[in-house]
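Work through the exercises below with the sequence and the coordinates at hand. Try each task before reading its solution.

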Amino acid sequence: MKRLLITGASGFVGRHCALLAVKQGYDVWATRSGRSRENAALDVEGVNWRTVDLLKPGGLEDVLEEAQPTHVLHTAWVTEHGSYWSSPANLDWLALGARFFRRFSELGGQRFVSAGTCAEYDWSHGYMVEGTTPDAPSTFYGRIKLAHHQSLMAAAEGLGFSAASGRIFFAYGPHENSARLIPSLCTSLLANSYAEMGSGMFFRDFMHVDDVASGFLALLESELTGICNVCSGEPTRLLDIALALGRLNGRAHLIRPGARRDRESDPKMVVGSNRKLLSTGWEPKVGLDEGLSGAYKWWSRVL
């Protein structure tokens, strides 16, 4: 049986990956940084949880020694909404990667997949294709993530294991940070309050987190190396997202496009090609209308 270590497995993407990996027959070891009531719900049969601060000396090494993973899905990173774009903690996670890759190799690890980001691309191109669109991140977060990917690929080549980075675009669904677009719209609408937003005229590549998780597991199982977009491949206008949510409970009149100023630096379109991931036999299952309805219902239960 393949022994899989998932870091950051109580996070937005990681938790969905962990539960899916159990269903797919992996021997799953998973890390979380703390125990909370919400995280306790993840204590399901088949997941060997370890509560650990991976950035503390010895934390990572202790988990690796115990788990002895053949496969790794590395989703842990600094994720505080807004601040992660410029947080110095990005450097801590970059430094952790070097130790991670080396010890994984020394323990005989075979396959390492890391969660990357579409922010590693040059967004001025609008449509992102692996190996074609330049890597030219405009943010500190994107630059450090790119450096992490480059060090992973160098380590894989030099130390003899297989590796890939899955670049996430705009994931949404249960457990998403409440400050992000879709949760913020849901919470305003559920409170019968005006849902203020920018013009809504930008296009983004949204994909339900269940499909993101299945995409990562497909990438892990494949022989693909290097960069692989984990995305829907479909452009969706932000205003259409907002109006769709508003219609779910007859509150589309509460949507207020233009109530906030658009950021001048925001590109009109950020969409990825998913042809490389599709080559594994994977395909997204959750349609946008179904996913938005599920997200709205989830927020109605937890608020």
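The exercises that follow treat a predicted model.

**Exercise 1. Length of a helix**

Task: Check whether the end-to-end span of helix α5 (residues 140–159) agrees or disagrees with 1.5 Å a residue.

Solution:
- Start with the count: α5 has 20 residues.
- Take 1.5 Å times one less than the number of residues.
- The expected span is therefore 28 Å.
- Now compare: the end C-alpha atoms of α5 are 28 Å apart, which agrees.
- Look just past the helix as well. G160 follows α5 and has a positive phi of about 85 degrees.

**Exercise 2. Surroundings of α5**

Task: List the buried residues of α5 and find which elements they pack against.

Solution:
- Apply the cut-off: buried means under 20% relative accessible area.
- The residues of α5 that pass are Y141, G142, I144, K145, L146, H148, H149, L152, A155 and A156.
- Next, search for contacts, with heavy atoms within 4.5 Å.
- The buried residues of α5 pack against two strands met again below, β4 (71–74) and β5 (111–117), and against helix α4 (89–106).
- They also pack against β7 (162–168) and β12 (226–230).
- K145 deserves a second look. It is among the buried residues of α5, and it lies over the face of W77, 4.1 Å from the ring centre.
- Another charge over a ring occurs at R167. Its charged end sits over the ring of Y121, at 4.5 Å from the centre.

**Exercise 3. A strand and its partners**

Task: Which strands pair with β4, and in what sense?

Solution:
- Begin with strand β1 (residues 3–7). It runs parallel to β4, and four bridges join the two.
- In this pairing, L4 stands opposite H71 of β4.
- Go on to β5. Its pairing with β4 is also parallel, over four bridges.
- Here H74 of β4 stands opposite S114 of β5.
- Trace the connection: the chain crosses from β4 through α4 to β5, and this β-α-β crossover is right-handed.
- Finally, inspect the faces of β4. H71 and L73 lie on one side, V72 and H74 on the other. All four are buried, and both faces are covered.

**Exercise 4. An aromatic cluster**

Task: Classify the aromatic pairs F100–F112 and F112–F161, and say which parts of the chain they link.

Solution:
- The structure holds 13 aromatic pairs.
- For F100 and F112, the centres are 5.0 Å apart and the planes 80 degrees apart.
- Planes over 60 degrees apart count as edge-to-face, and the F100–F112 pair is edge-to-face.
- F100 lies in helix α4 and F112 in strand β5, so the pair ties together parts 12 residues apart in sequence.
- F100 is buried, with a relative accessible area of 0%. F112 is buried too, at 0%.
- For F112 and F161, the centres are 6.4 Å apart and the planes 45 degrees apart, so the pair is tilted.
- This pair links distant parts of the chain: F112 in β5 and F161 in the loop between α5 and β7, 49 residues apart.
- F161 is buried, as is F112.
- Assemble the group: F100, F101, F104, F112 and F161 form one aromatic cluster.

**Exercise 5. An enclosed helix**

Task: Is helix α8 (residues 238–247) largely enclosed or largely exposed?

Solution:
- Count the buried residues: seven of 10.
- They are L238, L239, I241, A242, A244, L245 and G246.
- α8 is therefore largely enclosed by the rest of the structure.
- Identify the neighbours: these buried residues pack against helices α6 (181–190) and α10 (288–302).
- They also pack against β10 (203–204), β11 (206–208), β13 (236–237) and β14 (255–256).

Definitions and conventions
Residues are numbered from 1 along each chain as its sequence is written. This is a predicted model: local features need pLDDT of at least 70, side-chain atom pairs count only at pLDDT 80 or more; totals for chains, interfaces and linings use all residues. Side-chain values use heavy atoms; hydrogens and water are left out. Buried means under 20% relative accessible area, exposed over 50%, partly exposed in between (1.4 Å probe, protein chains only). Rings of Phe, Tyr and Trp (its six-membered ring) pair if their centres lie within 6.5 Å; planes under 30 degrees apart count as stacked, over 60 as edge-to-face and the rest as tilted. A charge sits over a ring if NZ of Lys or CZ of Arg is within 6 Å of the ring centre and within 35 degrees of the ring normal. Two strands pair if DSSP finds at least two bridges between them. A crossover is right-handed if, with the strands pointing away from the viewer, the path from the first strand over the helix to the second runs clockwise.
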